[in-house]
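Welcome! Please work through these exercises with the structure open beside you, and try each task before you read its solution.

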Amino acid sequence: MKRKSRAFLLLLILLFATAGFCFLGYRGAPTIRLGLDLNGGVSITYQTDEPNPTAEQMSDTRYKLQLKAQSYSTEAQVYQEGANRINIDIPGATDANEILKELGEPGSLQFKDQSGNVLLTGDDVKTASPAMTNQNNNKEYIIRLAFKEEGAKKFAQATSDNVGKPLYIVYNGKTISAPTVQEAITGGEASITGMDSYEKASTIASTIRIGALPLKLTELRSNVIGATLGQEAITSSLKAAAIGLSLVMLFMLIFYLLPGLSASFALLMYVGLEMVLLQAFEVTLTLPGIAGIILSIGMAVDANVIIFTRIKEELGQGNTVEKAIKAGYSKALSAILDGNITTLIAAAVLYLRGSGTVKGFATTLAIGIVVSLITALFVTRGFMWCFLTLGASSPKLYGIKKPAKLIDFVGMRKVAYLISAVLILSGFVAMGMNKRSIGNLFNYDLDFKGGSSTNITLNEDLPLDRIDKELVPVFTAVTGGDSSTQASKVAGTNEVIIKTRTLTTDERTELYKDIAEKFSVDEQKITTENISGAVSLEMKRDAVWALLIAIFFMLIYIWVRFKDLKFASASVAALAHDVLVTITFYAVFRWAVGSTFIACVLTIVGYSINATIVIFDRIRENLSEPGGRKNLRDSVNMAVSETLTRSINTSLTTFITVLMLFLFGVSSIRDFTMPLMVGIVSGAWSSVMIAGPLWYDFVQLAEKRREKAAAEQRAQQPKQKTKKKKG
């Protein structure tokens with residue numbers, strides 16, 4: 001790319017980022033949609049018409065409502081309240097009636113023939129979605145239906161018996177569509193044609209989806225609720241982010257001189273572009289979303305560190321600044337692309353296969369990675385060429401790196417393996433002790449195991465900060481200091497909702513008495529219901545499968561890219577190591593395991609794989625050098641030694657960002673950032689001490705197997721020759 005082209009591209013990105021800052025300043029920060037934890041939303045409670053539904057019916061209904069609610073917001077939470085109620089929390093919304101209209105009224109769905117016989121029910125439907133076809137330039141709006149395995153059989157029989165006749169789709173006793181059966185349909189998929197508009201197709205498809213519930217539901221109440229973290233959390237998070245970003249920029253400036261200044265300018269533009277895209281894609285920002293942004297900032301810095309390290313090495317070899325910049329970007333490109341593409345693969349799989357907070361995390365991570373690539377490869381480079389054009393051609397302004405001192409990391413591998421093994425095994429021991437003492441492997445939060453929801457109508461409208469300081473301590477005193485207590489307000493009323501672990505009858509009695517005495521509240525205005533976890537069994541399963549599939553595709557990519565399965569196996573082993581170490585700390589210190597636990601693990605996975613690939617890229621480069629494959633030990637040691645500064649600096653800059661959130665954030669944010677810091681340290685350890693040496697061991701093991709096979713083959717050859725002579 002010529003300098004004029006680079007300058008034009010830099011100017012274009014700069015104008016876009018500046019316009020983004022101006023737009024955000026004009027419209028205000030609320031243009032970015034915030035989740036329930038940061039900004040509140042709408043809460044709707046449905047009650048089943050069936051007074052005693054089974055646990056299976058309630059579980060199926062919750063999961064299907066979760067899928068429906070996520071069409072409005074990926075961060076929606078659905079949980080059971082009492083025996084026959086289901087609560088839906090929609091973040092970022094302020095109009096309960098609009099949400100109710102959007103969700104539709106859950107009810108019963110049936111497919112009937114002309115005689116009124118029920119042929120299928122909504123429970124037989126798998127999906128229903130609107131679509132548009134274009135045949136001979138004629139647009140046609142349709143609804144695509146897919147049925148479950150048993151439903152497909154019923155639908156095949158129904159269409160076979162009713163060819164040329166209408167099939168009535170009835171919702172709560174009202175016919176919403178009556179398509180004529182053209183032919184028998186046996187594949188389990190069908191299309192309803194003849195829709196007047198896409199909006200009509202979308203409405204009917206939505207009704208079919210919400211009608212495909214095992215239970216009929218009636219709206220019980222709907223409220224606008226306040227943030228569970230409050231304005232203090234938002235303010236402290238923004239303050240922490242600003243301080244963290246400033247410290248990272250200062251670090252880059254001190255350590256990398258003029259390139260660090262270029263990276264600092266690029267980071268500011270990164271923030272502007274990130275905020276614009278979050279608003280443009282209407283991403284709902286929650287704590288897991290913030291984790292995705294933190295990870296992408298770390299990766300943006302990482303890309304710059306990789307490039308600047310390469311430039312320093314080139315200058316150390318006596319090249320001019322111009323040649324060093326060109327060579328630095330050229331040699332760093334493969335590591336940057338491989339690291340970011342593997343993380344993008346993970347983000348794509350997590351978005352497509354995950355649900356709830358997993359989707360929010362994947363969205364912010366994907367946006368952040370794309371923006372970080374743009375800023376690292378184009379913006380930083382553009383600024384550096386500008387400085388060079390203005391006469392900044394002295395190598396001293398860019399830093400000169402002396403040849404790395406060779407450290408025998410391979411020789412230290414057994415000690416490193418032992419330390420990691422002892423740490424991970426202690427986690428399993430802690431899980432066993434937790435199982436015995438608290439009944440679970442981990443200290444599960446409300447999001448996982450449910451608890452009690454207490455509704456209090458106070459005599460005055462208390463702000464959330466006073467609720468946190470005056471009312472919440474009453475609950476923590478009764479629950480023995482339980483850290484999972486969550487408080488939220490019902491907008492426009494004096495009602496407060498406090499969620500805690502499950503309260504016993506004695507605890508409820510004590511709690512009601514304490515609240516009545518301290519706040520002069522009539523005990524009749526205090527009600528408590530047991531609630532299920534917002535993270536359902538299906539959501540946990542979705543998250544686990546999403547993670548496994550993402551790891552599988554990352555393994556395939558690394559295998560293909562490095563043309564060696566041993567690289568892929570070692571990277572996945574290092575990744576698993578970091579996850580297990582973090583889980584160990586959760587078990588040993590009994591940190592609360594809630595919905596943010598999933599985001600935390602996902603963040604560590606993305607961070608770990610990126611750090612490992614940088615080292616593997618350098619190993620691959622060293623192997624291509626003359627004699628590189630003959631001395632694998634030195635190739636690995638040199639690769640880790642050469643990237644050691646990068647590993648430390650990247651971990652340090654990301655750690656600084658998270659540390660600021662820990663120091664300045666509210667308690668719930670601290671609970672979220674502490675495991676992240678553990679994951680960052682573990683990722684640095686595994687990439688330096690585990691990944692490279694583990695690949696070396698895999699290669700040695702493969703060599704021994706080949707030598708053994710060759711020896712066995714040689715041992716058999718004389719016998720074969722002897723047989724020929726006898727013949």
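**Exercise 1. Find which residue of β8 stands opposite Phe-111, and work outwards to the sheet.**

*Step 1.* In this predicted model, whose local features need pLDDT of at least 70 and whose side-chain atom pairs count only at pLDDT 80 or more, totals for chains, interfaces and linings use all residues. Residues are numbered from 1 along each chain as its sequence is written, and side-chain values use heavy atoms, with hydrogens and water left out.

*Step 2.* Look across from Phe-111 to β8: the residue opposite is Ile-169. Towards β5, Phe-111 stands opposite Leu-120.

*Step 3.* Now count the bridges. Strand β4 (residues 109-112) pairs with strand β8 (residues 168-171) in the antiparallel sense over four bridges. Between β4 and β5, which also run antiparallel, there are three bridges. Strands here are DSSP runs of E with at least two residues, helices are runs of H or I with at least four, and both are numbered from the N terminus. Two strands pair if DSSP finds at least two bridges between them.

*Step 4.* Put the strands in order: β5-β4-β8-β9 make an open sheet of four strands with antiparallel pairing. Its edge strands, β5 (118-121) and β9 (174-177), each pair on one side only. On average, neighbouring strands of this sheet are turned by 35° against each other, direction ignored; the axes are lines fitted to C-alpha atoms, for helices over the stretch in contact, and angles run from 0 to 180 degrees between N-to-C directions.

**Exercise 2. Decide which side chains of β4 are buried.**

*Step 1.* Recall a general pattern: in a regular strand the side chains alternate between the two faces of the sheet.

*Step 2.* Apply it to β4. Leu-109 and Phe-111 point to one face and are buried, while Gln-110 and Lys-112 point to the other and are not. Buried means under 20% relative accessible area, exposed means over 50%, and partly exposed lies in between (1.4 Å probe, protein chains only).

*Step 3.* Follow the chain into the hairpin of β4 and β5. Five residues lie between the strands, and Gly-116 takes a positive phi near 85°.

**Exercise 3. Find which residues other than glycine have a positive phi, and describe where they lie.**

*Step 1.* Start from the usual case: most residues other than glycine have a negative phi.

*Step 2.* Leu-257 has a positive phi near 55°. Leu-257 belongs to helix α7 (residues 230-280) and is partly exposed, at 34% relative accessibility.

*Step 3.* Lys-563 has a positive phi of about 55°. Lys-563 lies in the loop between α15 (537-562) and α16 (565-588), and it counts as exposed at 72% relative accessibility.

**Exercise 4. Trace the ring cluster that includes Trp-591.**

*Step 1.* Search the whole structure for aromatic pairs: there are 16. Rings of Phe, Tyr and Trp (its six-membered ring) pair if their centres lie within 6.5 Å; planes under 30 degrees apart count as stacked, over 60 as edge-to-face and the rest as tilted.

*Step 2.* Phe-585 and Trp-591 are stacked, at 6.1 Å centre to centre with 25° between the planes. Phe-589 and Trp-591 are stacked too, at 5.8 Å and 20°.

*Step 3.* Compare the surroundings. Trp-591 is buried at 19% relative accessibility, Phe-585 is partly exposed at 23%, and Phe-589 is exposed at 52%.

*Step 4.* Ring pairs link Phe-585, Tyr-586, Phe-589, Trp-591 and Phe-597 into a cluster.

**Exercise 5. Describe the surroundings of two buried helix residues, Glu-507 and Ala-639.**

*Step 1.* Glu-507 sits in helix α14 (residues 505-519) and has a relative accessible area of 14%. Its side chain reaches the backbone nitrogen of Thr-504 at 3.0 Å.

*Step 2.* Leaving aside neighbours within four places in sequence, Glu-507 is in contact (heavy atoms within 4.5 Å) with Val-478, Arg-501 and Thr-502.

*Step 3.* Ala-639 is part of helix α18 (residues 632-642), and its relative accessibility is 0%. Not counting residues up to four places away in sequence, Ala-639 touches Ile-615, Arg-618, Ile-619 and Asn-622.

*Step 4.* Finally, look along the chain from Ala-639 to Phe-409: they are 230 residues apart, with 10.0 Å between their C-alpha atoms.

Terms used: A polar contact is a pair of N or O atoms within 3.5 Å; within protein, one must be able to donate a hydrogen and the other to accept it, and residues adjacent in sequence count only if both atoms are side-chain atoms.
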